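The following explanation is a guided reading of one protein model. It proceeds from individual strand pairings to the wider arrangement of the chain.

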Amino acid sequence: MPGMRHPSIIIYDVPISTEFEDAQRAIQIHPESKQDLKIRFRLKGRKENTNHLNLEAPSPAFHKLKNLGGIAINWNMYQLKEFVHIKRCTTCQAFTHTANSGHCKNVTPFCGCCGGRHYTWKCRSREDFCINCSESNRPLGTNRKTDHRAVDL
C-alpha cells in the first residue's frame, strides 16, 4: 500500500534552466520550511522555455508557503499555488483515469469544450457543453447545467 501523500505546491513558469536545488534553497529561506520538499514532477510552462515545478510539502510548510503566493528563485519572483491532483481523461473527459492509462473505453474522443466527437484541441465551436454533466443527467435523471466546458474544473 502506498504511503500517504502530502499536499502539493506548484511554482509557475520557472525557466527550464533552473535547477531543483535552486528552488529548494529559495524555499528553505522561509523558517517554516527548513526540510527538503519532495520534487514530484515538472509540467510544460505557459511561456516558451519555462516549466511548472510541482513540490510535495508537509502540511505546516505547505500552508505557510501557499499563503505567500509567490517565491523568489535566483532573484526572480514566481507565482506559487496549491496543486490539486485530479485525473481526467483527455479522450472521454471522464475523471479517475487518463488517456494513457489504458482504462478509457472510448476510441472516438469527446471534446472538452463542446462535447462534440473530436479532440478538444481541434474545437472551433463557440458553444460550451459539458459532456460529463450531460452523461450524468441521462441515467440519474438529474438536471445539472451543461452550459459550461468539461475542461473547466
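In this predicted model, Ala72 stands opposite Met77 of β5. A second facing pair across these strands is formed by Ile71 and Tyr78, the latter in β5. Together β4 and β5 are joined over 4 bridges, and their pairing is antiparallel. The hairpin that they form has 2 residues between the strands, and Asn74 there adopts a positive phi near 50°. Trp75 also belongs to the loop between β4 and β5. Its phi is near 70°, again a positive value in a residue other than glycine. Trp75 counts as exposed because its relative accessibility is 87%, which places it over the 50% cut-off for that class.

On its other pairing, β5 runs antiparallel to β1, and 4 bridges join the two strands. Within this pair, Ile11 has Leu80 of β5 as its bridge partner, while Ile9 stands opposite Glu82 of β5. Strand β1, residues 8-15, also pairs with β3, residues 50-56, in the antiparallel sense, here over 6 bridges. One of the contacts in that ladder links Ser8 to its bridge partner Glu56 in β3. Of the 8 residues of β1, 7 are buried, and the strand is therefore largely enclosed by the rest of the structure.

These pairings can now be placed in the sheet as a whole. Strands of a sheet pair through backbone hydrogen bonds, in either a parallel or an antiparallel manner. Here the sheet is open and has 5 strands, in the order β2-β3-β1-β5-β4, with antiparallel pairing. The edges are occupied by β2 (38-44) and β4 (70-73); each has a single partner strand, so one side of each is left without a neighbour in the sheet. From one strand to the next, the twist averages 30°.

Helix α1, residues 20-28, packs on this sheet and touches β1, β2, β3 and β4. The direction of α1 makes about 120° with that of β4.

The second helix, α2, shows a division between its sides. Ala61, Phe62 and Leu65 are buried in α2. Viewed down the helix axis, the buried residues of α2 fall within an arc of 100°, and so they line one face of the helix. The cover over these buried residues includes β1, α1 and β5. Pro60 and Asn67, by contrast, are exposed on the other side of α2. After α2 comes Gly69, with a positive phi near 80°.

Which residues have the most contacts inside the largest nonpolar core? They are Ile11, Ile27, Ile71 and Ile73, in a core of 16 residues. Two or more residues are given to this core by each of β1, α1, β3, α2 (59-68), β4 and β5 (76-83). The surroundings of Ile73 can be described individually: leaving aside residues up to four places away in sequence, Ile73 touches Ile11, Thr18, Asp22, Ala23, Ala26 and Tyr78. Apart from the largest core lies another, of 5 residues, among them Phe110, Cys130, Ile131 and Cys133. In soluble globular proteins, nonpolar side chains tend to be buried together.

At the level of the chain, the domain assignment gives domain 1 as residues 8-83 and domain 2 as residues 88-152. The C-alpha centres of domain 1 and domain 2 are 32 Å apart.

One further backbone feature concerns Thr96, which is located in the loop between β5 and α3 (131-140). Although Thr96 is not a glycine, its phi is positive, at about 85°. Thr96 has a relative accessible area of 68% and is therefore exposed.

How values were computed
Residues are numbered from 1 along each chain as its sequence is written. Side-chain values use heavy atoms; hydrogens and water are left out. Two strands pair if DSSP finds at least two bridges between them. Axes are lines fitted to C-alpha atoms, for helices over the stretch in contact, and angles run from 0 to 180 degrees between N-to-C directions. Contact means heavy atoms within 4.5 Å. A nonpolar core is a set of buried Ala, Val, Leu, Ile, Met, Phe, Trp, Tyr and Cys residues joined through side-chain atoms within 4.5 Å. Buried means under 20% relative accessible area, exposed over 50%, partly exposed in between (1.4 Å probe, protein chains only). Domain bounds come from an automatic or database domain assignment. The arc is that of the directions from the helix axis to the C-beta atoms.
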